[in-house]
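Here are my notes on the model you asked about. I've gone through it topic by topic, so dip in wherever you like.

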Amino acid sequence: MFELDLETIDISTQAPAADPERQYYFIAKCREFITEEALKRGRVFTYHNETFGCQMNFKDSEKLNGVLEAIGFVPREDEKADLVLYNTCTVRENANTKVYGRIGYLGKLKKSNPDMIIAMCGCMMQEPTAVEKIKKSYHFVDLIFGTHNIFKLAELLWCVLEERRLQRIDKNQKHRMVIDVWKDTNEIIEELPSSRKYSFKAGVNIMFGCNNFCTYCIVPYVRGRERSRKPEDIINEIRNMVSQGVKEVMLLGQNVNSYGKTLDSPVSFAELLRMVDDVEGIERIRFMTSHPKDLSDDLIEVMRTSKHICRHIHLPLQSGSTRLLKAMNRHYTKEDYLKLVDKMRAAIPDIAITTDIIVGFPGETEEDFEETLTVCRDVCFDSAFTFIYSKRTGTPAAAMPDQVPEKVTSERFNRLLEVVGSCSSKRAEMLTGRTVPVLVEELDREEGLLTGRLENNLLVHFKGGEELLGSIVNVSLRECKNFYYIGEQV
Ligand code: SAH
Ligand code: SF4
Ligand code: F3S
C-alpha cells in the first residue's frame, strides 16, 4: 500500500501558518476547485457524512459538515455522493465491525464513480490497528484523519485533490492515501464553520478528552487528555446560537464535572452553568456526562435554583458492586452512588436520573450482578443504556483474568433489561395526566403529528402544525406508552 507523505507534497507555500486562518485559506482553495468542476460538469458536488457514536461525534460531524458546505458540497442522504465521510466510533467492538462492513460497500460504489472521495475519521482512526487494516484491505480509501485534527479537514481535502492532480499528470503514479492521525493535542481551534442539524437546539463542547481511564474504556486513548474550553469562548458561542434561534443547549464533555480544572484561571462546572443560565434568551440547558465521583453539592444547588437547567441528570452507574467499581477504576462505591441519588432527589424531587450499565465486566460474579440489579431497583432509573462488556485491546480490563463467557453475559443482560424496563415504565407512568412544557422537535407531515421532548428527555406525540417546530409549548400527557406519551397541546 502506498501512503502519501504529507511532508513531501507541497500543498501551498502561501498558506497562513496559524489556524483558523490557515483553514479558511484551504476552504477557499477547495471551493475554487469544486466550483470550477461543478460548472464543467453542470451539476453540484454532494457529500454524505455518516456519524457512528456518541454526542461528541455528532458535534464533530456538525463541524465537519460546516467546512464541507463552506467548500460548496451539498448534503446528500445516501452514499452515492462525490464525497463520503465516515465519522467512526470504537467504544465497543461491534462499532468497528459495522464500519468495516460499510467501507466494503463504499468500495463497490467507487467502482462506478472513480472520482468519488472516501474519507474516514473519528475515534476508530486513532487506533493504529484499524488504520493498518484499512491500508491493507480497503486501499480505495482516500483520506484518514483522527479526532484531534478534524479542524484540518479543508487542508487535508486539498492534499487529496492535489494528489489526484499529480496522478493525472503521471499515469504511473499509484493511488496514495492521505493519512494524518495525531496522538494527542493541546490545541483548541475556535471559530471554524459549523452546520447544525437543528436550528433550535445545539450541542456545545465545553471540554475535550478524558483523564479518568476507567479500565474498560478506550475513550481516553482515542480522545486524548482532558482540556477545557475557556468559559468566555463557550458563552460567546452560546450567545451567538441563541441570537440565531437556539432554545436549548447541551453542554458536552466526557466528564463535565471536572470542567475547568486545566484552565489558567480554573472555573468549576457549577460556575460555568451559572454563566450559561444567565445568557439572555436561553430556555433550556442540558449537559452530559456527569461522573458520580466529581458531582459537587454546588452543582446540585445550581440545578435546584436555575430556571433553565433541565431537571435531568445522566449519571452512569456502570455497576452496583463496589468490588467491580474498584476494578473499573470508577472511584466511588455503591453506597456513594446511592447517597448521591438521595441527595439529588431531596434537593430536586422530580429530577429524572438516567444511567449507563455494563454487564459482564471481567470477574463479574452472580453476586456482583445481583447488586447491580438491587441498585437499579432501589434507584428506579428513568432510563438506562445497558451494554454487554466489550473487550478493547490496550485497556487494562482486556488483560484481566476471568472474562465472563458470552452465555452468562447475555442471560444477565436480559435480566437487567427486564428490571430497568419495568422501572422506566413506572417512572414514565408517574407523569401521566400532568401538563408539562415540551420542546417541539419533529413533525410527521402525513400524520400531522408533532414530537416534543420533555425535560426528562422522554418524547410526546401530539397533533399540531409546522409553526410550532422549535418552540416550547405546554402539553397534557394523556397516555403513557412506556417510553413515550400521547398528548394534547393545552
Ligand atoms: N464519558 C462517559 C461515557 C462514554 S462511553 C461516562 O463516563 O459516562 C458511554 C458508555 O459506554 C459508558 O458509560 C459505558 O457504559 C459504555 N462503555 C464504555 N466502554 C465499554 C466497553 N468496553 N464495553 C461495554 N460498554 C462500554
Ligand atoms: Fe470512558 Fe470513564 Fe472517561 Fe467515561 S469517564 S469516557 S467511561 S474513561
Ligand atoms: Fe465512540 Fe468516540 Fe464517542 S469511541 S462513544 S464516538 S468518544
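**Notes on the predicted model**

1. Let's start with E479, which is partly exposed at a relative accessible area of 39%. Keep in mind throughout that this is a predicted model. The side chain of E479 meets that of K481 in a salt bridge, 3.1 Å from N to O. K481 is partly exposed as well, its relative accessible area being 36%.

2. How many salt bridges does the structure hold? The total is 42. One to look at is E132 with K135, where the closest N and O atoms are 3.2 Å apart. Both residues sit in helix α4 (residues 128-137), three residues apart, or about one turn of the helix. The two ends of this bridge fall in separate burial classes: E132 has 45% relative accessibility and counts as partly exposed, whereas K135 has 16% and counts as buried.

3. Next, a bridge that spans some sequence. R227 and D184 bring their side chains together in a salt bridge at 4.0 Å, N to O. This pair links distant parts of the chain: R227 belongs to strand β10 (residues 227-228), while D184 is in the loop between β7 (177-180) and β8 (201-205), 43 residues apart. If you check the cut-off, a salt bridge needs the nitrogen within 4 Å of the carboxyl oxygen. As for burial, R227 counts as buried at 10% relative accessibility, and D184 is partly exposed at 32%.

4. Salt bridges also join up into a network. Its members are E364, E366, E370, E411, R412 and R415.

5. On to the C-terminal numbering range and a run of strands. Strand β16 (residues 435-444) pairs with β17 in the antiparallel sense, over five bridges. D444 is opposite L449 of β17. The two strands make a hairpin with four residues between them, and G448 in that turn has a positive phi of about 65 degrees.

6. β17 has a partner on its other hairpin too. With strand β18 (residues 459-463), β17 again pairs in the antiparallel sense over five bridges. R453 has L459 in β18 as its bridge partner. Here the hairpin leaves five residues between the strands, and N457 in the turn has a positive phi of about 85 degrees. Why is β17 (residues 449-453) largely enclosed by the rest of the structure? Because four of its five residues are buried.

7. Helix α5 (residues 153-169) is worth a quick geometry check. Its 17 residues reach 25 Å from first C-alpha to last, close to the 24 Å expected at 1.5 Å a residue. The helix is mostly covered, with 12 of the 17 residues buried. Among the buried ones are L153, W158 and C159, and also the charged residues E155, E162, E163 and R164.

8. Now for the rings. Searching the whole structure turns up 13 aromatic pairs. F52 and Y86 have ring centres 5.4 Å apart and planes at 75 degrees, so this pair is edge-to-face. It links distant parts of the chain, with F52 in the loop between β2 (46-51) and α2 (55-71) and Y86 in strand β4 (residues 83-88), 34 residues apart. F52 counts as buried at 8% relative accessibility, and Y86 counts as buried at 0%.

9. Y100 and Y138 make a stacked pair, at 6.1 Å centre to centre with 5 degrees between the planes. Y100 lies in helix α3 (residues 93-112) and Y138 in the loop between α4 and β6 (143-145), so the pair ties together parts 38 residues apart in sequence. Y100 is buried, with a relative accessible area of 14%, and Y138 is buried at 14%. Ring pairs bring F140 into a cluster with Y100 and Y138.

10. Last, the ligands. Around ligand 3 you'll find G53, C54, N57, C89, T90, V91, C123, R223 and Q254. By class that shell has four nonpolar, four polar and one charged residues. Ligand 2 is surrounded by C210, N212, F213, C214, Y216, C217, V219, P220, Q254, H291 and R330. Its shell divides into seven nonpolar, three polar and one charged. Q254 appears in both lists.

Definitions and conventions: Residues are numbered from 1 along each chain as its sequence is written. Chains are lettered from A and ligands numbered from 1 in the order in which they are written. This is a predicted model: local features need pLDDT of at least 70, side-chain atom pairs count only at pLDDT 80 or more; totals for chains, interfaces and linings use all residues. Side-chain values use heavy atoms; hydrogens and water are left out. Buried means under 20% relative accessible area, exposed over 50%, partly exposed in between (1.4 Å probe, protein chains only). Two strands pair if DSSP finds at least two bridges between them. A residue is near a molecule or strand if one of its heavy atoms lies within 4 Å of it. The expected span of a helix is 1.5 Å times one less than its number of residues. Rings of Phe, Tyr and Trp (its six-membered ring) pair if their centres lie within 6.5 Å; planes under 30 degrees apart count as stacked, over 60 as edge-to-face and the rest as tilted.
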